[in-house]
Amino acid sequence: MVKTEREFAADIVQVGKLVYDKGWVAANDGNISIRLDDERIMCTPTGVSKGMMHVDDIIIVDYDGNKISGRLERTSEIKMHLKIYELREDIDSVVHAHPPVATGFAAAGRALDTALLPEVVIGLGCVPLADYGLPGTEALTEPMLPLIPQYDALLLGNHGAVTYGKDVMQAFFRMETVELFARINFVAEMLGGARALPRLEVDKLFESRGRYGVASRAVQQPGCPVSAEDAPGQAPGASIGDNGIFVTRDELVQLLEEAIRARGG
C-alpha cells in the first residue's frame, strides 16, 4: 500500500524524535529526507529541533533543492541529500545526525574500519571517513562522492554521520548500528585494544550476505574492513565461537557500561 504524503511526513517526525531522544542531535542539528518520486523530495526544515517537529513543518523540494511547498525553509544541508539520491537510485531516505561516539571518531579522523562485529561486516562492511567540508556547500559533498556508491553509512570529518536506506526506518537503523559499533570499538580500545576478526572470517561474512538477505553495496577493499592480518600491531584475531561471534553484543554493552561507571560517568 502506497503511503500518503502526510504519512511520509509522520515517518520523518517519528524518526526525528527518535534521533533527538537518543541524544544524537542537539538544538536544531541533523536532517532527514525521503524521496517521494522522480521530481520531489520531502525533508526536515531548518531551525527546528528534530524532537519537536510537527507534520506541518515538513518541506517538499525539487531535485535542485528549491522549495515546492511548506511553511518553513528546508534544511541547509539538502545538497548532501540530493547528491546521495543522484548517485544511489536504490536509496529513498537519508538521515544525518551527530551521534556522540561515532562523531568522536570522525573528529579524531578515524574511520570505523576494523572488523569487530559480524553483524556490522555483513550489513555495512565498514563505515569509511569522508574528509571535512563546509556544511551546506559543495565542499561537504565533494569528499563523499567516491564513497556514496559503495557504502550505506559514512562518517563526515569533524561533522557527524550520514546513513541511507530504502526507507527512513532503515536509514535510522543504520545510524543506530553505526553508533553502537563506535561505542563498542571505543570500549574495546579502552580495555586494551580491539581484537579484529581474522581475514578468513571476514571473507566468510562477506560471502554470507545473500543468506542473510543483505543487498548492501558495501565492498571489501584494502583497509575496509580491517582484519587482524591487515593491521600489524593490533591484538590478534579473537577465536570464533559456534555462533560466529567472539563476544556477544550484550557482553560488549555491559563492558561499555562498566567502563563508563569506572570513570565516574
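Four exercises with worked solutions follow.

This is a predicted model, in which local features need pLDDT of at least 70 and side-chain atom pairs count only at pLDDT 80 or more, while totals for chains, interfaces and linings use all residues. Residues are numbered from 1 along each chain as its sequence is written, and side-chain values use heavy atoms, with hydrogens and water left out.

**Exercise 1. The sheet**

State the order of the strands in the open sheet and name its edge strands.

Solution.
- Step 1. The chain has 8 helices and 8 strands. Helices (H or I, at least four residues) and strands (E, at least two) are DSSP runs, numbered from the N terminus.
- Step 2. The open sheet has 8 strands in the order β4-β3-β2-β1-β5-β8-β7-β6, and the pairing is mixed. Two strands pair if DSSP finds at least two bridges between them.
- Step 3. The edge strands are β4 (67-69) and β6 (129-130), each of which pairs on one side only.
- Step 4. At the β4 edge, 2 bridges join β4 to β3 (residues 59-61), and these strands run antiparallel. Val61 stands opposite Lys67 in β4.
- Step 5. Helix α3 (residues 100-107) packs on the sheet, where it touches β6, β7 (153-156) and β8 (160-165). Contact means heavy atoms within 4.5 Å.
- Step 6. Helix α6 (residues 168-190) also packs on the sheet, touching β1 (31-35), β5 (93-97), β7 and β8.

**Exercise 2. Strand β5**

Decide whether β5 is enclosed, and find its pairing partners.

Solution.
- Step 1. Buried means under 20% relative accessible area, exposed over 50%, and partly exposed in between (1.4 Å probe, protein chains only).
- Step 2. 5 of the 5 residues of β5 are buried, so β5 is largely enclosed by the rest of the structure.
- Step 3. Ser93, Val95 and Ala97 lie on one side of β5 and Val94 and His96 on the other; both faces are covered.
- Step 4. β5 pairs with β1 in the antiparallel sense over 4 bridges, with Ile32 opposite Val95.
- Step 5. β5 is joined to β8 by 5 bridges, and the two run antiparallel. The bridge partner of His96 in β8 is Val162.

**Exercise 3. The nonpolar cores**

Find which element supplies the largest share of the largest nonpolar core.

Solution.
- Step 1. A nonpolar core is a set of buried Ala, Val, Leu, Ile, Met, Phe, Trp, Tyr and Cys residues joined through side-chain atoms within 4.5 Å.
- Step 2. The largest core has 41 residues, and Val19, Val95, Leu112, Leu155 and Val178 touch the most other members.
- Step 3. At least two residues of this core come from each of α1 (5-21), β1, β5, α3, β7 and α6.
- Step 4. The largest share, 10 residues, comes from α6.
- Step 5. A second, separate core has 22 residues, including Val61, Val94, Cys126 and Ala130.

**Exercise 4. Two helices**

Describe how α3 and α6 cross.

Solution.
- Step 1. Two packed helices are described by the angle between their axes and the distance between the axes. Axes are lines fitted to C-alpha atoms, for helices over the stretch in contact, and angles run from 0 to 180 degrees between N-to-C directions.
- Step 2. The axes of α3 and α6 come within 7 Å and cross at roughly 70°.
- Step 3. Angles under 35 degrees count as roughly parallel, over 145 as roughly antiparallel, 65 to 115 as roughly perpendicular and the rest as oblique. α3 and α6 are therefore roughly perpendicular to each other.
- Step 4. The crossing of α3 and α6 is left-handed, meaning that the near helix is turned anticlockwise from the far one by less than a right angle.
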